[in-house]
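Reader: I have just opened my first protein model and would like to understand the words used for it. Could we go through them together?
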Amino acid sequence: MQQAQSNGAAIDGGGPEKDESGPQQESPKGRAFLANLVRELFQTEHSARTHPLVEAERLGDVPPAHAMRAVSAHAEAVLAELPALLGDRGLPVSAGGSAVGEVFSALRDRIADHLLSAEKSYRGTLLGMRHGIDLVELIQYVAAAEGETILAAWCARWLAARRPLVEAAAGELAWFAARPARATRAAKDSAVAHLLQGLVNGLETAAQQLRRLATHAG
């Protein structure tokens, strides 16, 4: 008898075990749900290609940068194969999802990253990678429920390839822990970034002093 993993994926089948109590044929709502998820996948993979590469370029030739480049390379390959995979399934090949990803990347680069330290920027990118894993797991389950076995099997292969890369990137947080001066440096090495980060640090210090005064006054 085939054994199943705790997340519902069959050990020897490469995808989620079929639930005989669930829908066996595609439903309009299920199909629409799957279409929305694959649109989000384009956005998420665009970010997975772009943001880790930016992190790597900022960090230089160090282990966390190598881990980020590996994720970016995998996302690049995924984006190349998605149009054919999804087009053959009658699912949206979403230029819109990629466009949204580009907008978010631009906003982060021009605004948010000016306020972040190197380690916070790295952790923000790592958070996006973990979101991608959750998304593809969900796509795998919905695809199986809708009878899209080829897409479900593709998701299993994606997860098998991406999970170790993200885990390796998460493991490199130890590199920042051993280098507090580098970890707390502004993510973007620019005058604006250093000015804004100094302003934020000053405001945080002032807020802490106000809290102490309020505590003593109480």
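Author: Gladly! Keep in mind that this is a predicted model. Let us begin with Tyr122, whose relative accessible area is 0%.

Reader: Why is Tyr122 called buried?

Author: Buried means under 20% relative accessible area, and Tyr122 has 0%, so the word fits. Phe176, at 4%, is buried too, and Trp175 is buried with 9%.

Reader: What makes the pair of Tyr122 and Phe176 tilted?

Author: Their ring centres are 4.9 Å apart, and pairing needs centres within 6.5 Å. The planes stand at 55 degrees, which is neither under 30 nor over 60, so the pair is tilted. Tyr122 belongs to helix H4 and Phe176 to helix H6, so the pair ties together parts that are 54 residues apart in sequence.

Reader: And why are Trp175 and Phe176 called edge-to-face?

Author: Here the ring centres are 5.1 Å apart and the planes are at 85 degrees; that is over 60, so the pair counts as edge-to-face. Together, Tyr122, Trp175 and Phe176 form one aromatic cluster.

Reader: Now the helices: how do you know that H2 and H5 are roughly antiparallel?

Author: Their axes cross at roughly 170 degrees and come within 9 Å. Angles over 145 degrees count as roughly antiparallel, so H2 and H5 earn that name.

Reader: Which classes of residue make the contact of H2 with H5?

Author: The contact has 17 nonpolar, one polar and two charged residues. Among them are Ala67, His74 and Glu81 of H2, and Trp154, Arg162 and Leu165 of H5.

Methods: Residues are numbered from 1 along each chain as its sequence is written. This is a predicted model: local features need pLDDT of at least 70, side-chain atom pairs count only at pLDDT 80 or more; totals for chains, interfaces and linings use all residues. Side-chain values use heavy atoms; hydrogens and water are left out. Rings of Phe, Tyr and Trp (its six-membered ring) pair if their centres lie within 6.5 Å; planes under 30 degrees apart count as stacked, over 60 as edge-to-face and the rest as tilted. Helices (H or I, at least four residues) and strands (E, at least two) are DSSP runs, numbered from the N terminus. Buried means under 20% relative accessible area, exposed over 50%, partly exposed in between (1.4 Å probe, protein chains only). Axes are lines fitted to C-alpha atoms, for helices over the stretch in contact, and angles run from 0 to 180 degrees between N-to-C directions. Angles under 35 degrees count as roughly parallel, over 145 as roughly antiparallel, 65 to 115 as roughly perpendicular and the rest as oblique. Contact means heavy atoms within 4.5 Å. Ala, Val, Leu, Ile, Met, Phe, Trp, Tyr, Cys and Pro count as nonpolar, Asp, Glu, Lys and Arg as charged, and the others, Gly among them, as polar.
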